[in-house]
Amino acid sequence: MSTIANVKALMGFVSASKRQACRNCTHGDECRADRMPPYDSVSWRCKLGGFMTSAGSVCIKHEPQK
C-alpha cells in the first residue's frame, strides 16, 4: 500500500460516498422533477418518514442498501 493509503487506514478514513447518508440508505428515494431542461431537479425523499430530505442527511434509522 502507498503511504497515503496507510495513513487513511490508520485514521479509519471513510470517503464521503461511503459514509452513512440518505443517498445510500434503503429508505432513501431519489426523486426527479419532470420539467423541461434545464429546469429538471433532483431531490431526496425518505420512504420511511414520508418527507423530503437531502442526499447527505442521515438519521438513526439508517439501513445500508444491499
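This is a short chat about the cysteines, a helix and a surface patch in a predicted model.

Q: What kind of model is this, and how are residues numbered?
A: The model is predicted: local features need pLDDT of at least 70 and side-chain atom pairs pLDDT 80 or more, while totals for chains, interfaces and linings use all residues. Residues count from 1 along each chain as its sequence is written, and side-chain values use heavy atoms, without hydrogens and water.

Q: How many disulfides are there?
A: Zero in the whole structure, a disulfide being a pair of cysteine sulfur atoms within 2.5 Å.

Q: Which cysteine sulfur is nearest to C22?
A: That of C46, at 6.3 Å, and C22 is in no disulfide.

Q: Is C22 buried or exposed?
A: C22 is buried, at 13% relative accessibility. Buried means under 20% relative accessible area, exposed over 50%, and partly exposed in between (1.4 Å probe, protein chains only).

Q: And what about C31?
A: C31 is in no disulfide either; its nearest cysteine sulfur, that of C46, is 11 Å away. C31 is partly exposed, at 21%.

Q: Changing topic, how many residues of α1 are buried?
A: Zero of its nine residues, 3-11. Helices are DSSP runs of H or I with at least four residues, strands are runs of E with at least two, and both are numbered from the N terminus.

Q: What comes just after α1?
A: G12, with a positive phi of about 70°.

Q: Where is F13?
A: F13 lies in the loop between α1 and β1 (28-33), and is partly exposed, at 45% relative accessible area.
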